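Dear colleague,

I am passing a structure on to you with this message, and my notes on it follow below. Please read them with the sequence and the coordinates open beside you.

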Amino acid sequence: MSYSKLEWFESYKTWVVTNPERLFQFETAGRFLSYLIAGRIKTSPAISELLYSASNIIIFLNDQIILRSTHHKELDPKTATFVEKCRILFTILEYLQVFVEITATKIWGSYGKWTAVAVIQLIKFLWRVFMLIQQAGIASSQAIRPLNRKKLRQNQLSESKCDMEGKNNLTFTLKSGRVIRQVNGAPQIHKRNWKLPSSQPPQGHVVNNRKLEGYSLLGEVLYTLKPLCHLVAMSRFGTKSWIPTSIAFATDIASITLLNSSSLNCEDAREIRRRQIALLMYLLRSPIYDRFSRTVILQTMTYLRKVPVVGILPQQFLQYMLFWQNVYCYTWD
């Protein structure tokens, strides 16, 4: 039985690697189904989140299968085993956190919800502290980003082309088996050495981590502490109080300001821009949503419902709006 399961999984891995177009169609259909049923049946939030989480996890696992089939390694082999496992587990938690919160609410009520939220945020806090200790730089929104399959495929094609060109144009092999570089394949005189040209281009999957120091380290620590500070303030002052939201917003602004005060590489700058855009999520948090943004959002969505063709999207959004606004893990992630 175990052999048949292993054989089935190997067949599935082969199918994933050899059928990228059909795989994309199935993955897209799974996500679309989770959006389609949202708000249509009594238990749709839980079912929708289950389908959405499951589809994300399946896509993530497919990404790992495709990535391993190319033999790319992003981490040093000595540290890859433990850190990679932690990244995978944390990524899965990111995809499941909303479903866990909804399920805990349905089973145990408000107490279960906030217990689940606190445990999830504590795990995320410990993970990010661990990554800071490992000098992993600014934490991204996901421990493992979705794989850019199109770019990976282009890299594979370019590598194959380089291999063919390298073998056909740059070197030739004697009968003895010795590889000799052709005259046309030699670099400029001042750059020449006795080494043969590499048959493979440099890998494009290297993770460039930057050690955080001074203000940038303080800014990242504030960002890491923000969800826990928000939870503690809500437990003290209530979910409708302005104090928790004000503390979280001030922490966000201070964190972004401190991080922007230091030099940033491309990846860090992209993450900071994402955090700046994420400030708009405060419009969906109480009490801002209850007193200001709710009326504006409802009026805008009601107007858009009258627009032909696109009117179905605002209707879907309105059906899910109240539920979405009350989920903690949505408004923070």
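Leaving aside its neighbours within four places in sequence, which residues is Ser216 in contact with? Please bear in mind, before the reply, that this is a predicted model. Beyond those neighbours, Ser216 is in contact with Leu258, Leu259 and Ser262. Ser216 belongs to helix α6, which covers residues 214-237, and counts as buried because its relative accessibility is 2%, under the 20% cut-off.

A second position that may interest you is Tyr330, which lies in helix α11 (residues 328-332) and, at 17% relative accessibility, also counts as buried. When residues up to four places away in sequence are not counted, Tyr330 touches Glu49, Val98, Met281, Tyr320 and Trp324. With one of these, Val98, the separation along the chain is 232 residues, while the C-alpha atoms of the pair are 6.8 Å apart.

Turning to charged side chains, the count comes to nine salt bridges. Among them is the pair of Lys13 and Glu10, with an N to O distance of 3.7 Å; the two residues are three apart in helix α1 (residues 2-18), so about one helical turn separates them. Both ends of this pair are partly exposed, Lys13 at 28% relative accessibility and Glu10 at 39%.

Helix α8 (residues 266-278) holds a pair with that spacing too, Arg270 and Glu267, three residues apart and thus separated by about one helical turn. Their side chains meet in a salt bridge at 2.9 Å, N to O, and here Arg270 is partly exposed at 44%, as is Glu267 at 37%.

Also in helix α8, Arg275 and Glu271 are four residues apart, about one turn of the helix, and form a salt bridge whose closest N and O atoms are 3.1 Å apart. In this case Arg275 is buried, with 3% relative accessibility, and Glu271 is buried as well, at 6%. Both take part in a network of salt bridges that links Glu220, Glu271, Arg274 and Arg275.

On the surface, Tyr303, Leu304, Val307, Val309, Val310, Ile312 and Leu313 make a nonpolar patch of about 700 Å², to which α9 (288-304) and α10 (312-325) each supply at least two residues. Leu304, placed in helix α9, counts as partly exposed at 31% relative accessibility.

Finally, the cysteines: the structure holds zero disulfides, and Cys229 is partly exposed at 34% relative accessibility, whereas Cys266 is exposed at 63%.

With best regards

How values were computed: Residues are numbered from 1 along each chain as its sequence is written. This is a predicted model: local features need pLDDT of at least 70, side-chain atom pairs count only at pLDDT 80 or more; totals for chains, interfaces and linings use all residues. Side-chain values use heavy atoms; hydrogens and water are left out. Buried means under 20% relative accessible area, exposed over 50%, partly exposed in between (1.4 Å probe, protein chains only). Contact means heavy atoms within 4.5 Å. A disulfide is a pair of cysteine sulfur atoms within 2.5 Å. Patches are made of residues with over 30% relative accessible area and no salt bridge: like charges are joined within 9 Å, nonpolar side chains (Val, Leu, Ile, Met, Phe, Trp, Tyr) within 5 Å. Accessible areas come from the Shrake-Rupley method with a 1.4 Å probe; for residues, only the protein chains shown count as cover. A salt bridge is a side-chain nitrogen of Lys or Arg within 4 Å of a carboxyl oxygen of Asp or Glu.
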